[in-house]
Amino acid sequence: MMKLSVQPQSPASDSDEIYQADDQRIAIPARFNATADSFEKNEHSWKIMSQVPTDLSIQVQDVTFYVHKYPLISRCGYFSRVEFQFPKSNLNCDIELDNLPGGPETFETILKFCYDIPISLKVNNVAALRCASEYLEMTEALEDGNLISKTEAFFTFVVLSSWRDSITVLKSCESLSPWAENLQIVRRCCDSISWKISQEASEVINGEKNWWFEEMSTLRIDNFTRIVTGLRAKGSKPEIIGSCIVHYGERWLPERRGNELQWNITGGAIREEDSRPIREQRIIVESLVSLLPSEKEAVSCKFLLKMLKMAILYSASPALVAELEKRTGLVLETADVNDLLIPSYTAGNKIKLISSTEENIMHNVDVVQRILEYFLLYEQQQQQQLLPGPLAVSKLLDNYLAEIAKDPNLPVTKFQFLAQSLPENARKSDDGLYRAIDTYLKTHPSLSDHDRRRLCKVMNCGKLSVDACAHAAQNDRLPLRTMIQRLYSQVLYAEQMKIRATVQGKSQTEIADNSDQESSWLSTNKEVKALKLELEKVKSQMAEMQRDHSDLQQERQKQNIKQGNSSGWTIRWQRIRKSALFNLKTDGEETDEVNKRPNNSGKGSFRRRQTLS
């Protein structure tokens, strides 16, 4: 080891400067500047071409630089205090600078500066040169106009005066941590960008993006967060901030297709090299959600649901997921059913199911249930009932139920609980709910009769349209078809009452328009005939059911004679008596029959026939 020190020269002396290395003395001319006309550069080495032989080798990453000591010592305080190592058998250089900011390219520019070779300061290299000059201690104490002061002046007066140059420098600082942070380059760039954007940004008109959205979307998430935070502090409108966040999310969080989100459940562990992108994506999601303005109009429900999918997918914090669920519930009426199809899988060390059940449920129904609860709570607080919001959500929920009903592993309890979450007055018609229930029964043919009956109780058959009732009357998948047929007859009766009311209303305007009356009577007669035909079908089915009942009763009597124990037929008899079609009667007729003949059950079938007639 030998230290290289400088012995100051006497002011009155015109002799050469003397540099002493231990007991060795090297005489160098007073005006020595190691003039270099050119340099030789190849893949892994850089050598200055001069009449004076080089006496120092410096390795920066995989490139070795062969230079003179004096030009570096005169301008870099780092080299004036470092201990130079003589080359040894296991060393190929005197100094290693592996941690130099900017790497070999930046160090090459610094060497040119030390050799008085003209260099060009640009927005692409000023941050790296500023950090490297700080690393090498190129201060004004060694020489006026040293590299630190030159780069600092260029950064202050050139870069910070333009928001585009500030963004370029900010992106170049991503590989200069922690030097760029410690020198406040990142902070000053972010402050300058946010200030200039707040002064020049205009409102988003007709959904058009502002001019700075694209530039902002190229930044790393931490720098983007700083700028958006500055915009919020400077009072920018929530709609503008929300649009900027949405644009950034569309670039860095691309939407996956449905089958891509269901990542091959049996695929096993994720490769180790894929874990880093997962962590980066999770950081982006958490950062964007933390930046969202509190106003519910700032971002769309579609974007909120997208962020919710990503948050669940990349295992974000439960508090963040809950916040997204709450915000989505406030604007649920604007959602689309495809956006609600949230997969129940998460990315981690292994592909695993979110659901605690053993079945591989395709969609995360629990999340949608919580979103719906937040929506109902918000509507209750606003005291808005039967407004377009709840009605739109009822249609949305029915469509969502129809989609998740196709999952063969979806438990009936989850489906039923979600189906009956809305209040009774939220649906004008239960046709959509009937379609979802029918789809679920079709997908789950092995469902027990008890579960089928329990599921069908969710819908109000009185809110079914004529077409839905006609389909239900012929649906083999539904339990207690006779009950549906009874309700069908009730719906037909209600429709007949509506037709009569319509006819009566038209009769009052008979004098005003006779021709319209004739045509309306014709259409009314056709509808009445159609209703009568449907009623005849129900009556025939009723008669068939009565015959089956009589046959079973005769068989029961025969079995009672042969066998003393008739418990099996008693159970079947009780089931038949409890069936909806066997007990078909109106409430008024049941009350009259009980009052007149409380103990007479022999003429019940005759009265039921009269009721249907």
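**Exercise 1. Two rings in one helix**

Tyr248 and Trp252 both sit in helix α11, four residues apart, which is about one turn of the helix. Decide how the rings of Tyr248 and Trp252 are arranged, and state whether each residue is buried, partly exposed or exposed.

Solution. The model is predicted.
- Step 1: the ring centres of Tyr248 and Trp252 are 5.8 Å apart and the planes meet at 25°.
- Step 2: ring centres within 6.5 Å make a pair, and planes under 30 degrees apart count as stacked. The pair of Tyr248 and Trp252 is therefore stacked.
- Step 3: Tyr248 has a relative accessible area of 1%, so Tyr248 is buried.
- Step 4: Trp252 has 33% relative accessibility and so counts as partly exposed.

**Exercise 2. A pair across the chain**

Tyr248 also pairs with Phe224. Find which helices the two residues come from and how their rings are placed.

Solution.
- Step 1: the structure holds nine aromatic pairs. In the pair of Phe224 and Tyr248, the ring centres are 4.1 Å apart and the planes are at 20°, so this pair is stacked.
- Step 2: Phe224 belongs to helix α10 (residues 221-233) and Tyr248 to helix α11 (residues 238-252). The two are 24 residues apart, and the pair links distant parts of the chain.
- Step 3: both Phe224 and Tyr248 are buried.
- Step 4: for a grouping beyond pairs, Tyr78, Phe79, Tyr135 and Trp179 form one aromatic cluster.

**Exercise 3. The nonpolar cores**

Which residues touch the most other members of the largest nonpolar core, and which helix gives the largest share of this core?

Solution.
- Step 1: the largest nonpolar core has 108 residues, and Val169, Met216, Phe224 and Phe415 touch the most other members.
- Step 2: helix α14 contributes the largest share of this core, with 10 residues.
- Step 3: a second, separate core has 30 residues, including Cys76, Tyr78, Phe79 and Met138.
- Step 4: to see the surroundings of Phe415, leave out residues up to four places away in sequence. Phe415 then touches Leu401, Ile404, Ala405, Leu410, Ala436, Ile437, Tyr440 and Leu455.

**Exercise 4. An arginine over a ring**

Locate Arg75, decide whether Arg75 is buried or exposed, and find the ring that Arg75 lies over.

Solution.
- Step 1: Arg75 is in helix α1, which covers residues 69-75.
- Step 2: the relative accessible area of Arg75 is 9%, and a value under 20% means buried, so Arg75 is buried.
- Step 3: beyond residues up to four places away in sequence, the contacts of Arg75 are Phe113, Cys114, Asp116, Glu137, Met138, Leu142, Glu143 and Asn146.
- Step 4: Arg75 lies over the face of Phe113, at 4.9 Å from the ring centre.

**Exercise 5. Backbone exceptions**

Most residues other than glycine have a negative phi, and most peptide bonds are trans. Examine Glu137, Ser315 and the bond from Ser177 to Pro178 against this background.

Solution.
- Step 1: Glu137 has a positive phi of about 60° although it is not a glycine. Glu137 is in the loop between α4 and α5 (147-159). Its relative accessible area of 27% makes Glu137 partly exposed.
- Step 2: Ser315 likewise is not a glycine and has a positive phi of about 60°. Its place is the loop between α14 (301-313) and α15 (318-330), and Ser315 is partly exposed, with a relative accessible area of 36%.
- Step 3: the peptide bond from Ser177 to Pro178 is cis, with omega near 5°. Pro178 lies in the loop between α6 (163-172) and α7 (179-182).

**Exercise 6. Cysteines**

How many disulfides are there?

Solution.
- Step 1: a disulfide needs two cysteine sulfur atoms within 2.5 Å. By this rule the count is zero.
- Step 2: Cys173 is in no disulfide, and its nearest cysteine sulfur, that of Cys189, is 5.6 Å away.
- Step 3: Cys173 counts as buried at 4% relative accessibility, and Cys301 counts as buried at 3%.

**Exercise 7. The whole protein**

Describe the protein by its elements, burial, contacts and surface.

Solution.
- Step 1: the protein has 27 helices and 10 strands.
- Step 2: of its 613 residues, 42% are buried.
- Step 3: among contacts between residues at least 6 apart in sequence, 66% join residues at least 24 apart.
- Step 4: the exposed area is about 34100 Å², and carbon and sulfur atoms supply 49% of it.

Notes
Residues numbered from 1 in each chain as written. Predicted model: local features only at pLDDT ≥ 70, side-chain atom pairs only at ≥ 80, totals over all residues. Heavy atoms only, no water. Buried < 20%, exposed > 50% of the residue type's maximum accessible area, 1.4 Å probe, protein only. Contact = heavy atoms within 4.5 Å. Areas by Shrake-Rupley, 256 points an atom, 1.4 Å probe, with all protein chains shown as cover. Core = buried A, V, L, I, M, F, W, Y, C linked by side-chain atoms within 4.5 Å. Phe/Tyr/Trp six-rings, centres within 6.5 Å; stacked < 30°, edge-to-face > 60°. Lys NZ or Arg CZ within 6 Å of the ring centre and 35° of its normal.
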